[in-house]
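The following exercises concern charged side-chain pairs and backbone geometry. Each task is followed by a solution in steps.

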Amino acid sequence: MSRIVYVNGDYLPEADAKISVFDRGFLMADAVYEVTSVIDGKILAFDGHIERLQRSLGELDMKAPCSTEDLLDIHRELIKRNNVVEGLVYLQVTRGVADRDFAYPDAEPSLVLFTQSKNVVNAPMAKTGMKVISIPDIRWGRRDIKTVQLLAPSMGKMAAKAAGCDDAWLVEDGVVTEGTSNNAYIVTQEGTIVTRDLGHHILSGITRAAVLRFAAEAQIKIEERPFTIEEAKQAKEAFVTSATTFVGPVVEIDGVPIGDGKVGDIARRLREIYIEESLKTAI
Ligand code: PDD
């Protein structure tokens, strides 16, 4: 069965879902996106993702394609039409169609959404943990805006694959910013969670905010500050968070096992809490 994709007001078979070659998303990566997870047919952390979408649009002076209520209706309709029980919804807003010009045109935004059915709760990575390499962070300076300029992270992912690993942690000025498509954490030998402080250098993860809140509620100490790969190699545990991996344990960095080289207790516990708590507010 072919998927049904949403394009600018229409629900279409994916083969018929098309965007103009003059769309700024295609020509200039002039577009922002969000990815939300679906469990039991319900969307996790919808409000947080839509708030961040609005912030991304605002930072780029891009018009909102429709209201939040409409966006929720479209998400739900697509989940229904594609029978998604578990997986994700991808949403992209572009500045729209206009003749090529570096200045922003006054165009009508394009809105595209599609679904991907996949196991997110029982992903094998949650049990085995992932291996990461460290590479230089070559991305632009406004990583807080969730744009579709994803070639640097794609190159990072390919470098990781070439090294027989699962992902890459990005390093700038000697310290870790984040993973290719997730936020990065270590747990010190004393049991403190350390993750990069927010700013233009990383994406403010919706999963990050929730996981830090749950960690604080579980009386785990948290430090939001830069850390080096050397410090990470000495850590008791390491993990990543994102809408699609939830809490993903990291068991090896640049060939060095983290802790005992197995999935850590804090990562495992936070993953369980995150899934359980997020389902309570899923819509
Ligand atoms: N990526 N940092 C980067 C660079 C990301 O691309 C993502 C998400 C995150 C985590 O954000 P959140 O917890 O809100 O998903 C951090 C999505 C999943 C993607 O590009 O597919």
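**Exercise 1. A pair within one helix**

Task: Describe the contact between Glu 230 and Lys 233.

Solution. Step 1: the side chains of Glu 230 and Lys 233 form a salt bridge, with an N to O distance of 3.5 Å; the term denotes a side-chain nitrogen of Lys or Arg within 4 Å of a carboxyl oxygen of Asp or Glu. The model is a predicted one, in which local features need pLDDT of at least 70 and side-chain atom pairs count only at pLDDT 80 or more, while totals for chains, interfaces and linings use all residues. Residues are numbered from 1 along each chain as its sequence is written, and side-chain values use heavy atoms, leaving out hydrogens and water.

Step 2: both residues belong to helix H7 (residues 229–233) and stand three residues apart, about one turn of the helix. Helices (H or I, at least four residues) and strands (E, at least two) are DSSP runs, numbered from the N terminus.

Step 3: Glu 230 has 48% relative accessibility and is therefore partly exposed. Buried means under 20% relative accessible area, exposed over 50%, and partly exposed in between (1.4 Å probe, protein chains only).

**Exercise 2. Pairs between separate elements**

Task: Determine which parts of the chain are tied together by Arg 52 and Glu 34, and then examine Arg 142 and Glu 59.

Solution. Step 1: Arg 52 and Glu 34 meet through their side chains in a salt bridge of 2.7 Å, N to O. Because Arg 52 lies in helix H2 (residues 46–59) and Glu 34 in strand S3 (residues 31–39), this pair ties together parts 18 residues apart in sequence.

Step 2: Arg 52 is buried at 9% relative accessibility, and Glu 34 is buried at 3%.

Step 3: a salt bridge of 2.8 Å, N to O, joins the side chains of Arg 142 and Glu 59. Arg 142 is in the loop between strand S7 (130–136) and helix H5 (151–162), and Glu 59 is in helix H2, 83 residues apart.

Step 4: Arg 142 is partly exposed at 21% relative accessibility, as is Glu 59 at 38%.

**Exercise 3. Positive phi**

Task: Locate Asp 40 and Gln 219, and state the phi of Asp 40 and of Gln 219.

Solution. Step 1: Asp 40, although not a glycine, has a positive phi of about 50 degrees. Asp 40 occupies the loop between S3 and strand S4 (42–43) and is exposed, with a relative accessible area of 57%.

Step 2: Gln 219 has a positive phi near 65 degrees. Gln 219 is in the loop between helix H6 (206–217) and strand S12 (222–224) and counts as exposed at 70% relative accessibility.
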